[in-house]
Amino acid sequence: MDTADVTDASWPRGDSRIWRVRAGHGEVFVKQYPSVEKYAREVKGYEHATRALAAGEAPRLLASDLQRPAVVLSALPGRVVRGLPIEQSVEQRVHRLAGDLLRRWHDTDEPISDREHQRIMESVTAQADEAAVILERLGDQLSSAEQDLVREAARDLPDLAQALPLAYRHGDYSPRNWLWDEATEHHGLIDFEESAPGLAVEDLVWLGGAAWPTRPDLRDAFLTGYGRQLSSTEQRALVLLTARLGASYLNTGLTKSVTVLIDRGRTVLHHMVHAPPLNSRPGHRTTARRLPARHVRRRA
């Protein structure tokens, strides 16, 4: 370490710290967490990745230390997809591969206790409650259509959650955590500190709010890789979960006078008000199997 080349690779936002360490034996990443909970989720996420993904699709966990708490991770080839200048056809291929990877991630079962199942449902209820509070607080800051959508999120999300597939979620499934190596066309996944059992459709919220509304070609490529279309219940839940997030952005932005959050919230809400059904392509049919109603195995 005395002669290693160490570079801070942390995200501008976020409270975890990441360093790229290059030495004579190669390159690794060191990641330190602000809490034991995030550390534990990351370690569990790497255990899940080992069973769910092919070799090289995720970093290897080389060492971990609960006392710091920190981990040492192997390096993967490629660059972060978010902001990467690539051609449209390549971008579609990346999203198809990302859909395939997430399907395998979701298809690999993890046990879930009754207590964890209760936590998942409480989390959805908390999001619905937040939507109700924001609706009352924002008042005329929302259009009538946006008010209706946020009101539906407050009213319908808890009941919808009871009928939605559960899975071990990545928790932050977006292009900023995808890697792409153009030379080898290799796709990889990083950052598991938000991974946990939850609603499978929650892994699509960022895509549904930020990417798909203006890029239906990427939506189609992703769902092709995922191997199935979403059910009508999943589609509805995705719109309401994303609308709740947009309302949260807007509320925080207005409260703290943060323009970027205000703009982001308004954009997401506008997209959700005008969101077409994901299965709306004429003549499209899918024969892929559906996830069972309780995709994650439960144990007493």
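Where does Pro69 lie? Select Pro69 and you will land in the loop between S4 and S5. Helices (H or I, at least four residues) and strands (E, at least two) are DSSP runs, numbered from the N terminus. While you are there, look at the peptide bond from Arg68 to Pro69: this bond is cis, with omega near -25°.

**Before going further**

You are looking at a predicted model, in which local features need pLDDT of at least 70 and side-chain atom pairs count only at pLDDT 80 or more, while totals for chains, interfaces and linings use all residues. Residues are numbered from 1 along each chain as its sequence is written, and side-chain values use heavy atoms, with hydrogens and water left out.

Colour by pLDDT, the predictor's confidence in each residue, from 0 to 100. The protein has a mean pLDDT of 90, and 91% of its residues reach 70 or more. Now select residues 280-300, where pLDDT stays under 50. Where pLDDT is low, the predicted coordinates should not be read in detail.

**Stop 1: the sheet of five strands**

Show S1, S2, S3, S5 and S4. These 5 strands form an open sheet in the order S1-S2-S3-S5-S4, with antiparallel pairing. Its edge strands are S1 (5-8) and S4, each of which pairs on one side only. Averaged over the sheet and with direction ignored, neighbouring strands are turned by 20° against each other; such angles run from 0 to 180 degrees between N-to-C directions, with axes as lines fitted to C-alpha atoms, for helices over the stretch in contact.

Add helix H1, which packs on this sheet and touches S3 (26-32), S4 and S5 (70-74). The direction of H1 makes about 155° with that of S4. Contact here means heavy atoms within 4.5 Å.

Next, zoom in on S1 and S2 (residues 17-23), which pair in the antiparallel sense over 4 bridges. Two strands pair if DSSP finds at least two bridges between them. Pick Asp5 and look across to its bridge partner in S2, Arg22.

Then step to Ala54, in the loop between H1 (36-52) and S4 (61-65). Is Ala54 buried or exposed? Neither label fits: Ala54 is partly exposed, at 44% relative accessibility. The scale calls a residue buried under 20% relative accessible area, exposed over 50%, and partly exposed in between (1.4 Å probe, protein chains only).

**Stop 2: the sheet of three strands**

Move on to S6, S9 and S10. Here 3 strands make an open sheet in the order S6-S9-S10, with antiparallel pairing. S6 (79-80) and S10 (186-189) are the edge strands, each pairing on one side only.

S9 (residues 178-181) and S10 pair over 4 bridges. Two partners in S10 to label are His187, opposite Trp180, and Gly188, opposite Leu179. S9 and S10 form a hairpin with 4 residues between them, and Glu185 in the turn has a positive phi of about 55°. Bring in H2 (residues 88-107), which lies across S9 and S10 and runs at about 130° to S9.

Just beyond S10, select Asp191, in the loop between S10 and S11 (196-199). Its phi is near 65°, a positive value in a residue other than glycine. At 14% relative accessibility, Asp191 is buried.

**Stop 3: the core and helix H6**

Which residues have the most contacts inside the largest nonpolar core? They are Trp178, Leu204 and Phe222, in a core of 68 residues. A nonpolar core is a set of buried Ala, Val, Leu, Ile, Met, Phe, Trp, Tyr and Cys residues joined through side-chain atoms within 4.5 Å. Centre on Trp178 and show its contacts beyond four places in sequence, among them Val94, Ala98, Leu207 and Phe222.

Now show H6 (residues 216-226). Because 9 of its 11 residues are buried, H6 is largely enclosed by the rest of the structure. Its buried residues pack against H2, S9 and H5 (205-211). Gly227 follows H6 and has a positive phi, near 95°.

**Stop 4: helix H7 and its end**

Finish with Arg244 in H7 (residues 232-256). Arg244 is buried, with a relative accessible area of 13%. A polar contact of 2.7 Å joins its side chain to that of Glu130; the term covers a pair of N or O atoms within 3.5 Å, where within protein one must be able to donate a hydrogen and the other to accept it, and residues adjacent in sequence count only if both atoms are side-chain atoms.

The last selection is Ser257, in the loop between H7 and H8 (259-273). Its phi is near 55°, and Ser257 is exposed at 63% relative accessibility.
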